Each structure stands twice: as C-alpha cells, then as structure tokens.
Amino acid sequence: MDVCRAVAAAMFGDADAVRFTPLTAAQRFTALQSGEVDVLSRNTTWTTTRDTSLGLNFAGINYYDGQGFMVRKDLGVTSAKQLSGAAICVEPGTTTELNLADYFRANNMDFEPVVIENTTEVTAAFFSGRCDVYTTDASGLASARNVSAENPEDYVILPEIISKEPLGPVVRHGDDEWLDIVKWSHIAMIQAEEFGITSDNVDDMMDTDNPGIKRFLGVTPGMGEALGLDEKWAYNIVKQVGNYGESYQRNVTEKLGLERGLNALWTDGGLMYAFPIR
Amino acid sequence: MSSTQSSSSGTQPLLALIYDKTFRSILYQVLVFGGVFLLGWYLVNNTLTNLEQQDIATGFGFLEREASFGISESVIEYSPADTYGRALVVGILNTVKVSALGIFLATILGTLIGIGLVSPNWLLRFMGKTYIETFRNVPLLLQLFFWYSVVTNAFPGPRQALNPMAGVFASNRGLYLPVPADHPAWTAALIALILGLIGAFLVRKWALKRLEATGEVFPYLSAGIGVAIGLPILAWLVFGAPTEMNTPSLQGFNFQGGISLSPEFFTLLLGLTIYTATYIAEIVRSGIQSVPKGQSEAATSLGLKPSWVMRLIILPQALRVIIPPMTNQYLNLTKNSSLAVAIGYPDLVSISNTTMNQTGQAVEAVTIFMTIYLSISLLISFFMNWYNKRMALVER
C-alpha cells in the first residue's frame, strides 16, 4: 500500500491521491492487464512467466519472502518432511500452489490440496480444522496467525522455507514512463533510508551540504525533470509516506512481528539496495 | 393494386423498392446481421491487437504444457505432472459429477415435497411451504457458505472422527465409506446389471405388445425389476460371493482406503439439491393441479385402481406441464454448480481460474469454459426436448 501512496506523492504531491481496488489472487493479473488497475501492489512474486507471457513488468522488489507452512501445535509436527498425506489449504493461481506441488513431488509425498479463492475463506477453513496445514508466504502466515487465529500460540510455523518469493509492484507492458515512475518511487524509499532521511527530519535535510541528498530532494534540480515529475517528488514521498524502514516498521514489524531479515539494507547485511539517483 | 404498383415502380424504381414490404424486411435483417457481425469482428480484432501490444501470449498451446498444480479430487487419474488439458478434463468431469447427482437428488426431493404440497394433510402442506419459502429466498451462494461452515465446524477432526457403524467415518475431512475389495465377481455383477436392464426393457416391450394384441395384462414392472436385480446377484454368487471389504482406516493425517465424499463436494451437492428442489416442488405441484379433477373422477368411475389412476391418467398429463420448466431447473442447477469456486470444490471454473492465472491466458480459458457450459446445457436441453416430445399428447 505504501508503494502506491509513494507513487501518488511523487506524481501529484499528495499521498492520498490513490484509489485502491481489493483483488483476489485469481483476479489480479486480469485486472492489471485489462487496465482496471494501473499498478498491482499485492504479494505478487516475480517470475519469468509473469514477466513475459502475461505481459507484465515488475518495477522492483519491496519484500523478499519465502513460502512456509503453518500447522496446529498439538499435531506435534516439527518439519515439513513429516507432512505426507496432509490436507493443505492454499490459494489458487499463486506460485505457492505450484511450489507446494513441486515440493511434495520432489520429496515423494502425497497431499490433498484444499483450494479456496478468497484469503478470508481459506484461512477460515484452516482455523476450523478443514486442513492440517496452511501454506503461503511466511509473511502471510504470520499475518493470518496474528490477525485471524483465536489463539495465536496454538499454531507453529515450520522451519522449512521452500521457495524464494521476491514480491513487488507490477505494471503492464506498454507504458515505459509509468514503469519508470513506479520503479524510482520504490527506489527513492530505500535511498531515503540509506541517506538517513525520515519523514521527521526531511525538512532539516533540505539545508544539507551533501550534493547527493540535495539532488535527491530536488534542492539541486534535474531528477524530477528526468522522470517527468515535480522536482520535489522524492521529498513528497519521504515527507508523506516515509522511507523504506519507516514503512516496514509500520506495516510489518508492528502488525506481524517480523524482523527485517533479508529485507534489511545491504549495508546491514540485507538485500535492499538502492540504485544511484543521479 | 398490382397495376398501380407496377406503374409507380416504372417511374420511380428506388422509391417503390423502399415501399416494398418483402424488400424492406430483408433489408432490415441484412442491416441487423451486418451490424452484429461488424461489432463482433471489431471486438475480436481489438482484443487481439491489444493483447499483441502488451505482449500477452495467445493461442491454445498452453493446454499441452505441464500443469504442476494439485487437484484434491478427480474422477480420472491426475497428478501435477499432467497437462493443463487433462486438468481441465478433470474439472469438466467434476462439474458433470456434481450436476448429475444434484439433478437426480433434487428431482426426488422436489417431487416428494411437491406431492406433499397438494396433500390433504395440513402439517405436510405447512412444512412444504415453509421449506420452499425459506430456501428459495436466500441466495444460493450464502447457503453454500453456511453449509460449508456447518460441515467444517460441526464435525470433529479426523482423529476424533464419528464412527456411526463399522467402517464408516465422518469428520471435517469428509465422509469415508467402505467399498467392496477388488474381485472379478463385482465386474461380472456390473455386466449382469447392464444385461438385466436391457432384459427388463425387452420384457416391457413384449408385454405391451401382447397387451395390445390380446388384452392380457402381464406384470412387466415387477418382472423387469426381478430380472434387473436377480441377474447381478446370480453373477455375484457364481463367481464365489466375495464379501471382503476395503475399509478406510486412519493413517497419519487422514483416512486411507474406501471411498470418500469430500466436505466441498458434499456441501455443493447439498446446497444445489436443497435450493433447486424448492423450484422443482412448485413445478410438480402446479403440474398435478393442472390436471382437471374430472379426469381422476372419470378414471375411478371406470373402476381403475388408485395407483393406476395416478400412473395412467394423472401422471402422463401432469408430465406434459412439468417437463418444460423442469428442463430450466436442470440447466440452472448445472450453471449454479460454478459457485463451487467459492468453497473450493475443483469444478471446471475453479480449475480454469487457476489455469488462467498460471498461464495468464484469460481470454482462451474463459472461452473454453463458456463453450463447455454451453455444450453441457445444450445436451441437457436436447435430451429434455426429446423426452418432452415423447411425452406430448398424441393427437389423432
């Protein structure tokens, strides 16, 4: 969500100039292809097929995730390798569904997929005991456990992470300028964190002598023009939405209790790396 | 009249043509058809151009590629290593399975309630009315959600499964029933059953012919049932009367062996049956009430037994009224089965949705499942029209 607000802040100078359309996993690509939405910022994994034959472009990666399994604690399961024969709740049309089949095939295990389209319905089915296992991205599991479970302590997330799920905003082919704007709005949030600019100190930073920050915030003009935006584009993003770290803290750490992990800055041993803005 | 027309057409041929009734009607039809055709062509062309501009893959080549997603229940063998084409066939069969069973059960339930509605018993009438008004006026999708939550929440987990009798287990993973273990006797019994049914049909034909020729009545119904049931039992006995059963047992997470009804299938079947039966009940009631009272009175005064009055006088006439709207309900049930996607039963729409999402070929996937629904619906309606024609009043 913050990605969309960042793009709106960059383009219109107002982070609230966004209209959100909630979509299920199965609807999302058709909605984007047909122009019902202009940018898809859900938990969409970057894959070859989606980048090519679906006619989409990924604008970057704002969350490095991986697929995990959640089970009831009283089943006594400690590893995904013990899940042969289990009924597994999964959302259709996701990479999760494919990874799941691949993983069980690779390990010669059986499973019964219970495929339900709506996230609310699928988690309800899991918590009612229809499935032994719920599988999705680890962040999704944490979110389901913290938000929907009656008693979060009754559930464990198994240690195996069976896939790489780079998640990010997606746009459709055919509008390169739009792709650029989404891509650099996302990078600006990471860059702001690298510079140490936050929504609180961004006004003070306008007086800095650092030429990189001056260029970034539009004190030295040029970057905005190159993107076809106002020179204050990055300033507006940081001021109204915050930098990547603030956004992560607000949406992931506080709500789901997940650490930065792979999503820390590269300088802190993570994978978040802003391309030079110049 | 004709002379004035021909003279005016001589002076102003174009005007005459416009005032000509046949010409005008043909012109309108050509215009309408041309308009529709152009619109269709524009839509198809536009879609293809747009897809190409966005580099979205087109064509049906994806049907040959590996599906690599799992399907929970299937009539035929299926594994993630099979193709998208086979996955779609699994979906079609699942749709046909639930629709066929739904039509069968809804017809029985609906007929029973319909008869209850015209019964002289006040309580039966009242219960029938209440049932119809309740289930007909709640959207089917909500009923499905309701039944699904009842099924998954009311039944215990597999380890505490209800075990009402030996070999039968009911849990929130589904209903598990024992089936006879593999043995050639069962195949023989099945073949005997088919032969028995053909035999019963032939007996009926012969009995009716004899009735027309000699007027003698032969109890073909009981004889036919005897043949159809007796033959399979005989075959089973001849092949050694095996009684060994394949009973489900708890292994690991779930039951293995026997046959199972998944909660999704059960919910969908229950929802469709209960919902459609309300409409069928009303159709049956109106059919029975459409036969004038004089018909049954006349039949009784001729000395026919009450069961014969129902079978030979009332039912044939009621069926003429019942069949056409019944066709409609059968079609509705089949189409409503696509709501399966909401509760996770792997029907055609559910699998098409997954396919469309993994391949991104929405236009092709939607075209495929629309074509298939159209074919199933047309098949049902062809069959029902044929049956209707057979039942129609033969006027001499």
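Visitor: Which residue of S2(B) is the bridge partner of B:Ala170?
Guide: In this predicted model, the bridge partner of B:Ala170 is B:Leu175, which belongs to S2(B).

Visitor: What makes S1(B) and S2(B) a pair of strands?
Guide: Two strands are said to pair if at least two bridges are found between them, and S1(B) and S2(B) have three bridges in the antiparallel sense, so the condition is met. The connection between S1(B) and S2(B) is a hairpin that passes through two residues.

Visitor: How do you know that S2(B) also pairs with S7(B)?
Guide: The same requirement of at least two bridges applies, and strand S2 of chain B, residues 174–177, is joined to S7(B) over three bridges, again in the antiparallel sense; the pairing is therefore established. As one position in this pairing, B:Tyr176 stands opposite B:Ser260 of S7(B).

Visitor: Why are S1 and S7 of chain B said to stand at the edges of the sheet?
Guide: The open sheet is made of three strands in the order S1-S2-S7 of chain B, with antiparallel pairing. Strand S1 (169–171) and strand S7 (259–261) each have a single partner strand, so one side of each is left without a neighbour in the sheet. Neighbouring strands of this sheet are turned against each other by 15° on average, with direction ignored.

Visitor: What makes S4 and S5 of chain A a pair?
Guide: Here too the test is at least two bridges, and five bridges join strand S4 of chain A, residues 86–90, to S5(A), with the two strands running parallel. Within this pairing, A:Ile88 has A:Pro113 of S5(A) as its bridge partner.

Visitor: Why is S5(A) described as mostly covered?
Guide: A residue is buried if 20 or more other C-beta atoms lie within 10 Å of its own, and five of the five residues of S5(A) are buried. In a regular strand the side chains alternate between the two faces of the sheet. For S5(A), A:Phe111, A:Pro113 and A:Val115 are buried on one side, and A:Glu112 and A:Val114 are buried on the other, which leaves both faces covered.

Visitor: Why is A:Asn108 counted as exposed or buried?
Guide: The cut-off for an exposed residue is 12 or fewer neighbours, and A:Asn108 has 7 C-beta neighbours inside 10 Å, so A:Asn108 counts as exposed. A:Asn108 lies in the loop between helix H4 (95–106) and strand S5 (111–115) of chain A, and its phi is near 55°, a positive value in a residue other than glycine.

Visitor: And how is B:Ser68 classed, as buried or exposed, and why?
Guide: B:Ser68 has 20 C-beta neighbours inside 10 Å and therefore counts as buried, since the cut-off is 20 or more. B:Ser68 is placed in the loop between helix H3 (21–53) and helix H4 (84–117) of chain B, and its phi, near 50°, is a positive value in a residue other than glycine.

Visitor: How do you know whether the radius of gyration of chain A agrees with that of a compact globule?
Guide: A compact globule of 278 residues would have a radius of gyration near 19 Å, and chain A has 20 Å, so the value agrees. Along its principal axes, the C-alpha trace of chain A spans about 60 × 35 × 30 Å. Of the 278 residues in chain A, 47% are buried, and chain A has 12 helices and nine strands.

Visitor: What makes up the contact between chain A and chain B?
Guide: Residues are in contact if their C-beta atoms lie within 7 Å, and the contact takes 33 residues from chain B and 34 residues from chain A. Helix H6 (140–154) and helix H12 (348–359) of chain B each supply at least two residues of the side of chain B that touches chain A, and H12(B) gives the most to that side, with five residues.

How values were computed. Residues numbered from 1 in each chain as written. Chains lettered and ligands numbered in written order. Predicted model: local features only at pLDDT ≥ 70, side-chain atom pairs only at ≥ 80, totals over all residues. Helix = DSSP H or I, 4+ residues; strand = E, 2+ residues; numbered from the N terminus. Axes fitted to C-alpha atoms, helices over the stretch in contact; angles between N-to-C directions. Rg over C-alpha atoms; globule rule 2.2 N^0.38 Å. Contact = placed C-beta atoms within 7 Å.
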